[in-house]
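Work through these exercises with the sequence and the model open. Try each task before reading its solution.

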Amino acid sequence: MKIKSILIANRGEIAIRIARTARKMGIKTFMFLTHEEPNANYLKHADEIIDVSEETFYNIFTNIDKIIESALKYNIDAIHPGYGFLSENPALARECKHNNIVFIGPSDKHIDQMGNKGVARDIAIKNNVPVLPGSTGIITSQTEAEKTAASIGYPVIIKAVAGGGGKGMRVARNKEELPRMFNAASKEAMSIFGNAAVFIEKYVENPRHIEFQVLADQHGNVVHLFERECSIQRKHQKLLEEAPSPALDEATRERMGRDAIKLCKATGYYSVGTVEFLVDEHLNHYFMEMNTRIQVEHPVTEEITGVDLIEQQIRVADGEKLSLAQKDIKLKGCAIEFRINAENVQSDFSPENGILEKIKFPSKRRVRVDAGYVDGDIIPSCYDSLVAKLIVKGSDRKSALKTAISAINGIQIKGVKTTLPFFKMVLNNNSFRDGVYSTAFIEKELEQNFYQEDNEMVAAILLGMTEYLNEIESIDHAEIREKNVSPWLFSRFLKK
């Protein structure tokens with residue numbers, strides 16, 4: 001291979017994941033030591049560390065000039081951006097090309113094309129890939145938004161053309177809501193992606209979110225590695241993924257895979273990528289967007305196909321032809337990934353940070369853990385909340401679920417709240433166990449359970465306050481001063 005060294009311009013579990021494959025391939029890895037995480041666990045997996053601790057995190061993982069400068073200084077052959085940060089920024093790919101550095105990902109042209117939801121939608125339409133009714137381009141004003149929504153019919157969804165991760169998206173169910181939702185989506189898109197442009201589509205109630213993993217080389221060869229079911233999500237943020245989808249029949253799977261490949265071939269796309277679809281109750285599928293990078297949920301695809309996607313991504317970047325044809329890729333068993341985030345489920349999944357006092361995963365057959373932290377690590381507030389990914393596999397969905405329940409119950413995490421209680425609720429839910437769910441799963445099945453404990457606490461506090469006030473009325477002020485009665489006296493009632 002031409003690639004002998006890689007700068008991993010990322011952190012946490014994905015940096016470790018990339019380093020693991022690079023080591024297997026005999027490639028030297030470099031990582032950044034930052035001010036925020038000087039003793040980060042992921043640094044132990046690098047062959048060489050570049051100390052940039054004088055910089056803030058924002059000035060490293062999102063600073064193209066600094067990344068390129070570091071690669072040139074250390075004579076590094078390639079840069080792998082992981083996911084998030086600059087992974088879908090065409091400027092980084094462009095600067096790599098200008099400086100004779102291999103960008104491990106698609107070309108800047110493909111990131112521009114397929115990373116822009118509006119442009120990607122137009123490409124899908126031209127190639128007869130189904131899309132939902134929507135605007136023919138960017139919506140530039142509230143007046144235009146109102147006209148477009150009226151022609152489509154409510155409800156509609158306003159989407160940022162840039163970025164991903166569910167940001168810059170709002171649903172308007174009627175014309176009264178539209179102005180507020182249009183402004184909110186535009187403002188959020190501008191603040192997060194630096195691009196306020198949005199477009200509008202018909203909103204499908206209770207769809208399934210299903211994505212196809214694609215792999216293409218620079219010689220025109222394209223394959224798909226089947227689908228991932230991503231419908232368990234909160235505010236468009238994925239929480240759990242499984243492969244294959246329990247909803248698809250073979251005919252639908254074949255049609256969707258064919259459309260995913262068609263999009264790649266139409267644009268000459270290469271590298272790994274994910275073509276995302278919405279699927280309605282009648283198994284009609286509609287192209288939604290394409291992610292031009294490795295996905296957080298890529299391990300479930302690796303588990304059901306036996307293909308190392310990071311290795312394939314590196315080999316494609318190095319110019320190799322695919323060693324796999326579509327007929328070589330077999331779907332074997334079922335895999336489920338749980339994103340264990342440092343989040344308080346009962347506080348609307350708000351991020352948690354602090355010291356991770358203990359983190360321990362069970363060592364079991366058919367259980368894989370991609371983790372970025374160890375005991376004593378600090379969960380920082382400046383990065384995303386992902387602590388680890390638990391991936392389980394089974395010969396079928398039933399056995400995968402059985403392994404998942406055992407593995408989830410065996411995890412020990414202390415110091416911060418995580419999404420583990422949420423996953424326990426999901427695994428005990430009949431709709432999920434039967435594979436009958438949609439993107440509305442949380443709101444329909446679990447929402448009322450999130451705040452049950454908090455509601456019980458509030459009720460106990462109110463009861464305690466009532467009893468305290470009744471008690472306080474029975475004594476005079478002199479006795480209150482003498483006994484130094486505290487307003488927190490009611491706390492004893494919470495222990496009853």
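## Exercise 1: Two helices side by side

In this predicted model, the axes of helix α4 (residues 90-98) and helix α5 (residues 108-115) come within 8 Å and cross at roughly 170 degrees. Task: classify the relative direction of α4 and α5, then describe their contact.

Step 1. Take the crossing angle of roughly 170 degrees. Angles over 145 degrees count as roughly antiparallel, so α4 is roughly antiparallel to α5.

Step 2. List the contact residues. Helix α4 supplies Pro-90, Ala-93, Arg-94 and Lys-97. Helix α5 supplies Asp-108, Ile-111 and Asp-112.

Step 3. Sort them by character. The contact of α4 with α5 has 3 nonpolar residues, 4 charged and no polar ones.

## Exercise 2: The parallel sheet

Task: find the strand order of the 5-stranded open sheet and identify which strands stand at the edges.

Step 1. Read the order: β3-β2-β1-β4-β5, with parallel pairing.

Step 2. Look at the ends. β3 (48-51) and β5 (102-103) each have a single partner strand, so one side of each lacks a neighbour in the sheet.

Step 3. Add the helix. α1 (residues 12-24) packs on the sheet and touches β1, β2 and β4 (78-80). The direction of α1 makes about 160 degrees with that of β2.

Step 4. Check one pair inside the sheet. β1 (residues 5-8) and β2 (residues 28-33) are joined in the parallel sense over 4 bridges. Ile-8 sits opposite Met-31 in β2.

## Exercise 3: The nonpolar cores

Task: in the largest nonpolar core, find which residues touch the most other members.

Step 1. The core holds 64 residues, and Leu-7 and Ile-79 touch the most other members.

Step 2. Ask which element gives the largest share. That is α1, with 6 residues.

Step 3. Follow Leu-7 outward. Beyond four places away in sequence, the residues touched by Leu-7 include Phe-30, Phe-32, Ile-50, Ile-67 and Ile-79.

Step 4. Look for another core. A second, separate one has 38 residues, among them Ile-232, Ala-342, Tyr-373 and Leu-427.

## Exercise 4: A covered strand and its partners

Task: say whether strand β12 (residues 271-279) is mostly covered or uncovered, and trace its pairing with β9 and β13.

Step 1. Count the buried residues: 9 of 9 in β12, so the strand is mostly covered.

Step 2. Take β9 (residues 208-216). It runs antiparallel to β12, joined by 9 bridges. Gln-213 has Thr-274 in β12 as its bridge partner.

Step 3. Take β13 (residues 285-291). It pairs with β12 in the antiparallel sense over 6 bridges. Phe-277 stands opposite Phe-287 in β13.

Step 4. Inspect the turn. The hairpin of β12 and β13 has 5 residues between the strands, and Leu-283 takes a positive phi near 65 degrees.

## Exercise 5: Backbone exceptions

Most residues other than glycine have a negative phi, and most peptide bonds are trans. Task: place Asn-75 and His-236, which have positive phi, and two cis peptide bonds, one at Pro-155 and one at Pro-244.

Step 1. Asn-75 has phi near 55 degrees. It lies in the loop between α3 (64-73) and β4, and is exposed at 63% relative accessible area.

Step 2. His-236 has phi of about 70 degrees. Its loop joins β10 (222-234) and β11. At 30% relative accessibility, His-236 is partly exposed.

Step 3. The Tyr-154 to Pro-155 bond is cis, with omega near -5 degrees. Pro-155 is in the loop between α7 (142-152) and β6 (156-160).

Step 4. The Ala-243 to Pro-244 bond is cis, with omega near -5 degrees. Pro-244 is in the loop between β11 (237-243) and α9 (250-267).

Definitions and conventions:
Residues are numbered from 1 along each chain as its sequence is written. This is a predicted model: local features need pLDDT of at least 70, side-chain atom pairs count only at pLDDT 80 or more; totals for chains, interfaces and linings use all residues. Side-chain values use heavy atoms; hydrogens and water are left out. Two strands pair if DSSP finds at least two bridges between them. Contact means heavy atoms within 4.5 Å. Axes are lines fitted to C-alpha atoms, for helices over the stretch in contact, and angles run from 0 to 180 degrees between N-to-C directions. A nonpolar core is a set of buried Ala, Val, Leu, Ile, Met, Phe, Trp, Tyr and Cys residues joined through side-chain atoms within 4.5 Å. Buried means under 20% relative accessible area, exposed over 50%, partly exposed in between (1.4 Å probe, protein chains only). Angles under 35 degrees count as roughly parallel, over 145 as roughly antiparallel, 65 to 115 as roughly perpendicular and the rest as oblique. Ala, Val, Leu, Ile, Met, Phe, Trp, Tyr, Cys and Pro count as nonpolar, Asp, Glu, Lys and Arg as charged, and the others, Gly among them, as polar.
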